Structures are given as structure tokens and as C-alpha cells.
Amino acid sequence: MSRSFSWHVEAWGGATTGVASARRAFDRRDGLLVGLRDADGALSFGEATPLPGFGHDQLEDAGRELEPGRLPAPVDDVAGVQAAISSFRSASARFAVEVALLGRLARLRGLSLSELLGATATTVSRSVL
């Protein structure tokens, strides 16, 4: 039986300028772009980009879990997505696969990702100061 989907994982990143948090500056950001190509050829993406110094997640850990042959098959409901990502130990790897699977599911249902998840828009006051 042939697979009707394929996963692709690609390293990305590089030097940055002016990127900082309250704790530190980041002179480099690196991550993994995760793509899911469906049977109809459509792509859904996620990304695993651990933030150094925040938690225990490391890019190397995410990379070990994001081997295309080990990634789950697409599922047809949100509960299935939750089950498919439950075994990931790397938070960024789990996030990357979750977003790709949910993006595919939203596209198949003709919804935005926020609509799929039941989000509602709210107005937020903002100021330039």
C-alpha cells in the first residue's frame, strides 16, 4: 500500500540583529521547517524553533523526533491530532507536527485554523505609546 502523504523536514535559520527578550539577546535563531504534503499535493507547515534559555527543549532533541519516517499519518479530527502528537517529548517538535496536521485539517474543511479551533475574534484596544 502506498502512502498518500509525505513529511519533509528542512533546517533553517541564521544570524539575527536586534532580536531580544527581557532576559537576553539572540544573535542567531535556528529551527526546523516541517511540511506535510497531502494526497492532493497541498502543503501544510509547522516549525520547530526552540528558544534557547527558555525550558529544556533543544533543537537537537526536536530533530531526533522529526525524522520523516517516524511522523504520524494525517488524521481527520482534532482529537486525532491530539492523539497523534501525544508521544512527542520535544515541545517544539510536537508544536510543528500539531500545526501542520491542524492546518491540513482546516484546509480540508474549508476553514481557517482559528475557525477550526473555535476561536472568536475580539477587538483589542491598542496604543502607539
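What share of the contacts in the chain with a separation of 6 or more comes from residues 24 or more positions apart? These residues account for 56% of such contacts, where contact means heavy atoms within 4.5 Å. Keep that in mind as you select your way along.

**Before you click**

This is a predicted model, in which local features need pLDDT of at least 70 and side-chain atom pairs count only at pLDDT 80 or more, while totals for chains, interfaces and linings use all residues. Residues are numbered from 1 along each chain as its sequence is written, and side-chain values use heavy atoms, with hydrogens and water left out.

**Stop 1: the whole chain**

Start with a cartoon view. You should find four helices and three strands, in the order β-β-β-α-α-α-α from the N terminus. Helices (H or I, at least four residues) and strands (E, at least two) are DSSP runs, numbered from the N terminus. The C-alpha trace spans about 55 × 40 × 25 Å along its principal axes. Of the 129 residues in the chain, 33% are buried; buried means under 20% relative accessible area, exposed over 50%, and partly exposed in between (1.4 Å probe, protein chains only).

**Stop 2: helix H3**

Now select residues 91-109, which form helix H3. The end C-alpha atoms of H3 are 27 Å apart, in agreement with the 27 Å that its 19 residues should span at 1.5 Å a residue; the expected span is 1.5 Å times one less than the number of residues. Just after H3 comes Gly110, with a positive phi near 70°.

Show side chains on H3 next. Its buried residues include Ser92, Ala93, Ala96, Val97 and Arg104. Among the elements that cover the buried residues of H3 are strand E1 (6-20), strand E2 (25-37) and helix H4 (113-116).

**Stop 3: the nonpolar core**

Select Trp7, Leu66, Phe88, Val97 and Leu101: of the 23 residues in the largest nonpolar core, these touch the most other members. E2, H2 and H3 each supply at least two residues of this core, and H3 gives the most, with eight residues. A nonpolar core is a set of buried Ala, Val, Leu, Ile, Met, Phe, Trp, Tyr and Cys residues joined through side-chain atoms within 4.5 Å.

Stay on Phe88 for a moment. Not counting residues up to four places away in sequence, Phe88 touches Glu65, Leu66, Leu71, Pro72, Ala93, Arg94 and Val97.

**Stop 4: Asp57 and its serines**

Which side chain of opposite charge is nearest to Asp57? It is Arg94, 7.3 Å away, and Asp57 is buried yet has no salt bridge. For charge, Lys and Arg count as positive and Asp and Glu as negative; His and the chain ends are not counted. A salt bridge is a side-chain nitrogen of Lys or Arg within 4 Å of a carboxyl oxygen of Asp or Glu.

You will find Asp57 in the loop between strand E3 (43-48) and helix H1 (59-65). Its side chain has a polar contact of 2.8 Å with the side chain of Ser90 and one of 2.6 Å with that of Ser92. The side chains of Ser90 and Ser92 also make a polar contact with each other (3.3 Å). A polar contact is a pair of N or O atoms within 3.5 Å; within protein, one must be able to donate a hydrogen and the other to accept it, and residues adjacent in sequence count only if both atoms are side-chain atoms.

Ser90 lies in the loop between helix H2 (78-85) and H3, and is buried at 2% relative accessibility. Arg94, by contrast, is partly exposed at 29%. Leaving aside neighbours within four places in sequence, Arg94 is in contact with Ile85, Phe88 and Arg89.

**Stop 5: the salt bridges**

Side chains of opposite charge can pair when their charged atoms come close. The count here comes to six salt bridges. Begin with Asp30 and Arg28, whose side chains meet at 2.7 Å, N to O.

Then select Arg107, which is partly exposed at 29% relative accessibility. Arg107 forms a salt bridge with Asp38 at 3.3 Å; Asp38 sits in the loop between E2 and E3, 69 residues apart from Arg107 in helix H3. Arg107 also meets Asp40 in a salt bridge (3.3 Å, N to O), so that pair ties together parts that are 67 residues apart in sequence. Asp38 is buried at 10% relative accessibility, whereas Asp40 is exposed at 53%. To finish, select Asp38, Asp40, Asp76, Arg104 and Arg107 together: salt bridges that share partners join them into one network.
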